[in-house]
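Please find below a colleague's note on backbone geometry, set out as numbered points. The points concern peptide bonds and phi angles, and each may be checked beside the coordinates.

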Amino acid sequence: MIKIQDKKIYKGKIIVNQQVCPSSYYMEIDCNHIITAKAGQFVSVYCEGLTLRRPFSIFSNNDGKVGILYKLRGKGTQYLKSLKTGSEIDITGAFGNGFDIKNKKSLLIGAGIGIAPVHFLKTKLDSLGIENILAAGFINKEEVPANVFPDKLYTDDGSMGQKGSVLNYTEDLIEYYKPQIIYACGPLVVLKGISEICKQYETELQVSMEKVMACSIGVCRGCIIKLNNKGVLENAAVCKDGPVFDGSRVVWQ
């Protein structure tokens, strides 16, 4: 079996590749093998004709069937869109560090395509009987995937759910729900804002960072962020040291 940094390359078969909103698709791949994965980890997919693999957060993982949620952005995702049910696909993973699940009352926040890893996390928390709610934010109703069912839904223009960014409601959610820990994924501006609010409320925070990746194994150093380690700044690769980090340690830029 070929390996990449001790990760097997699976020749999977696509069993679902369907549009779930105008801009995004859900793909489910039968890897013919159980892939051990934590919520927050990602897989890398080979796209024919492209040198670099494309990383995608794991949306679901059941009995060897791995689901990813992808938004149409470039050649890689356009290639995935073109694939038919039954097509063979090259997938490897799972990579990175996932969420550190704790038996604490949890608030999950997903913004945009960042809903993928927290959706997977919710299924894990539910299976463990850990109390949680999922809050999701999107630009408008056209961006809301049909296979996502959050407890709280927000759209910037108010076309579905409550009007406004999920960030605008984070304090209200904390005040009302009183979570012991928050898990979040989304654009940098949203995660930075959530981090500032969590500091104010002294609420534990884990963030899954979104960053353009090249190698996905920490070699190219193209996805570096800064972490604060007791006053000392350290470099961390999102793909290898993350994607999940302690939100209080991230140096937000």
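1. The model is a predicted one, and this note begins with a residue at its surface: Lys230 counts as exposed because its relative accessibility is 83%, where the cut-off for that word is over 50%.

2. The backbone at Lys230 also deserves a look, since the residue has a positive phi of about 55° although it is not a glycine. Its place in the chain is the loop that runs between strand β14 (224-229) and strand β15 (232-237).

3. A second lysine should be read in a similar way: Lys178, which is not a glycine either, has a positive phi of about 55°, and it is found in the loop between helix α3 (170-177) and strand β12 (181-185). With a relative accessibility of 55%, Lys178 is therefore classed as exposed, the threshold being over 50%.

4. Turning to the peptide bonds, the one that leads from Gly242 to Pro243 is cis, and its omega is near 5°. Pro243 belongs to the loop between helix α5 (238-241) and strand β16 (244-246), so anyone inspecting this bond should look there.

5. Another cis peptide bond, with omega about 5°, joins Gly93 and Ala94, and here the residue that follows the glycine is an alanine. Ala94 is part of strand β7, which covers residues 88-95.

Notes: Residues are numbered from 1 along each chain as its sequence is written. This is a predicted model: local features need pLDDT of at least 70, side-chain atom pairs count only at pLDDT 80 or more; totals for chains, interfaces and linings use all residues. Side-chain values use heavy atoms; hydrogens and water are left out. Helices (H or I, at least four residues) and strands (E, at least two) are DSSP runs, numbered from the N terminus. Buried means under 20% relative accessible area, exposed over 50%, partly exposed in between (1.4 Å probe, protein chains only).
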